[in-house]
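Subject: Structure for you to look at

Hello,

Here is the structure I promised to pass on. Please open it next to this message; my notes follow below.

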Amino acid sequence: MKKLMGVALAAVGVMTMASGAQAAQGCGPGGHRGPYGHCRPNRGPMMRPGAPVLVVGNFYRGHGYWDGRRYWQHRDRWHGGWRYR
């Protein structure tokens, strides 16, 4: 029984050290490791001071309507909501 407990404690120690090494990932702030181990930027809103904030449904001159993912040139009422084309 003592041998089994010793092996279990050693396994937990090795797992703890390994998980601590992988947590940093070495990509810096705003990045993470991709599926092949390369650093990739995080997606989502960038919280930089002074950065413009895009609002869903607003028309931006020269771009179009912003729907949260991309710009659309036309927007119509459709079944109680908006349809972008």
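β6 and β7 form a hairpin, with two residues between the strands. His-79 sits in that turn and has a positive phi of about 50°. Four bridges hold the pairing, which joins residues 75–78 (β6) to residues 81–84 (β7). The two strands run antiparallel. If you want a landmark, find Arg-77: Trp-82 in β7 stands opposite.

Bear in mind that this is a predicted model. Mean pLDDT for the chain is 76, and 76% of the residues reach 70 or more. Confidence peaks in strand β2 (residues 39–41), at 87. It is lowest in helix α1 (residues 2–24), with a mean of 65. Over residues 19–23 the pLDDT falls below 50, and that stretch has zero contacts in the model beyond near neighbours in sequence.

Now the overall layout. The chain has one helix and seven strands. The helix comes first along the sequence, and the strands follow. Of the 85 residues, 9% are buried. About 7,800 Å² is exposed, and carbon and sulfur atoms supply 62% of that area. Take contacts between residues at least 6 apart in sequence: 2% of them join residues at least 24 apart.

There is also an open sheet of three strands, in the order β3-β4-β5, with antiparallel pairing. β3 (59–60) and β5 (71–72) are the edge strands; each has a single partner strand, so one side of each lacks a neighbour in the sheet. Two bridges link β3 to β4 (residues 64–66). Tyr-60 stands opposite Gly-64 of β4. As a general reminder, strands of a sheet pair through backbone hydrogen bonds, either parallel or antiparallel.

One residue deserves a closer look: Asp-67, in the loop between β4 and β5. Is Asp-67 buried or exposed? Its relative accessible area is 17%, under the 20% cut-off, so Asp-67 counts as buried. What does the side chain of Asp-67 meet? One of its polar atoms lies 3.0 Å from the backbone nitrogen of Arg-69. The backbone nitrogen of Arg-70 lies 2.9 Å from a polar atom of the Asp-67 side chain. Leaving out residues up to four places away in sequence, Asp-67 touches Val-56, Trp-72 and Tyr-84.

Best wishes

How values were computed. Residues are numbered from 1 along each chain as its sequence is written. This is a predicted model: local features need pLDDT of at least 70, side-chain atom pairs count only at pLDDT 80 or more; totals for chains, interfaces and linings use all residues. Side-chain values use heavy atoms; hydrogens and water are left out. Two strands pair if DSSP finds at least two bridges between them. Buried means under 20% relative accessible area, exposed over 50%, partly exposed in between (1.4 Å probe, protein chains only). Contact means heavy atoms within 4.5 Å. Accessible areas come from the Shrake-Rupley method with a 1.4 Å probe; for residues, only the protein chains shown count as cover. pLDDT is the predictor's confidence in each residue, from 0 to 100. A polar contact is a pair of N or O atoms within 3.5 Å; within protein, one must be able to donate a hydrogen and the other to accept it, and residues adjacent in sequence count only if both atoms are side-chain atoms.
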